[in-house]
Amino acid sequence: MSSEATVTPIRDVIVRPVRDVDAESLGRVHAQCWHEQYDEIISKAALEHLSPRRMAELWTHWMNQGPEYLQFAAVLDGDIIGFSGSGPARDADAPRPRELYFINMLAEFRSTGTGQKLFDAAIGDAPAYLWVSTANTHARHFYEKNGFIADGAEHTEPFLGEEIHEVRYVR
């Protein structure tokens, strides 16, 4: 059985560009997503230092970087349930000019088609690249389904005072 058969679409989800007034909600959702997604990858002690307020401050910075940086929010019944972002490549040896920086959503909304909507808003069919944790098999499968392939590049990324091993995917 393919994973596509388990998708139960949520029709009322709206994906729209983030707004300045979203920073606090995005910070809260971002912190919760990281707790849900990284609990098995990094220590609980590292995650305890994760602050929704600090994440909100980061969102305020991110959404004011300029028009080439795109961030989107998935909204259901007025509440943000996920987000995505892309922008200019950050790596000196970037294989594509555009990078998908992140897609995250609350765990209860995974496998609903919302991730695909966020992906399509941030990247669509454009050539791009991204970095993903080797431990995140669900995300890796999602990116492969969207035409990305691992190109052999790997690195260790600092994350909340620890490290995550990542591989690069390119399309």
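Two phenylalanines make a good way into this predicted model: F119 is buried, and F142 is buried too. Their rings form an aromatic pair, one of 11 that turn up in a search of the whole structure. Charged side chains get their share as well, with six salt bridges in the structure.

**Aromatic pairs**
- F119 and F142 meet edge-to-face, with 5.7 Å from centre to centre and 85° between the ring planes.
- F119 sits in helix α4 (residues 114-122) and F142 in helix α5 (residues 137-145), so this pair ties together parts that are 23 residues apart in sequence.
- Elsewhere, ring pairs join W59, W62, F83 and F102 into a cluster.

**Around N146**
- N146 is in the loop between α5 and β6 (149-159).
- The relative accessibility of N146 is 14%, so this residue counts as buried, the cut-off being under 20%.
- Setting aside neighbours within four places in sequence, N146 touches Q116, F119 and R171. F119 is the buried phenylalanine from the edge-to-face pair with F142.

**Salt bridges**
- Side chains of opposite charge can pair when their charged atoms come close.
- R168 and D151 form a salt bridge, and their closest N and O atoms are 2.8 Å apart. This pair links distant parts of the chain, with R168 in strand β7 (residues 162-170) and D151 in strand β6, 17 residues apart.
- R168 has a relative accessible area of 8% and is therefore buried, while D151, at 34% relative accessibility, counts as partly exposed.
- R90 and E99 meet through their side chains in a salt bridge at 2.7 Å, N to O. How do the two ends sit, buried or exposed? R90 counts as exposed at 56% relative accessibility, whereas E99 is buried, with a relative accessible area of 2%.
- E57 and R53 also form a salt bridge, at 3.7 Å from N to O. These two are four residues apart in helix α3 (residues 52-62), so about one helical turn separates them.
- On accessibility, E57 comes in at 41% and counts as partly exposed, and R53 counts as exposed at 66%.
- R53, R54 and E57 belong to one network, joined by salt bridges that share partners.

**Domain record**
- UniProt, in an unreviewed entry, lists residues 13-171 as "domain: N-acetyltransferase".
- In the model, that span is 31% helix and 34% strand, and its end C-alpha atoms lie 27 Å apart.

Conventions. Residues numbered from 1 in each chain as written. Predicted model: local features only at pLDDT ≥ 70, side-chain atom pairs only at ≥ 80, totals over all residues. Heavy atoms only, no water. Phe/Tyr/Trp six-rings, centres within 6.5 Å; stacked < 30°, edge-to-face > 60°. Buried < 20%, exposed > 50% of the residue type's maximum accessible area, 1.4 Å probe, protein only. UniProt positions renumbered as here; feature names shortened; annotations may be inferred. Contact = heavy atoms within 4.5 Å. Salt bridge = Lys/Arg side-chain N within 4 Å of Asp/Glu carboxyl O.
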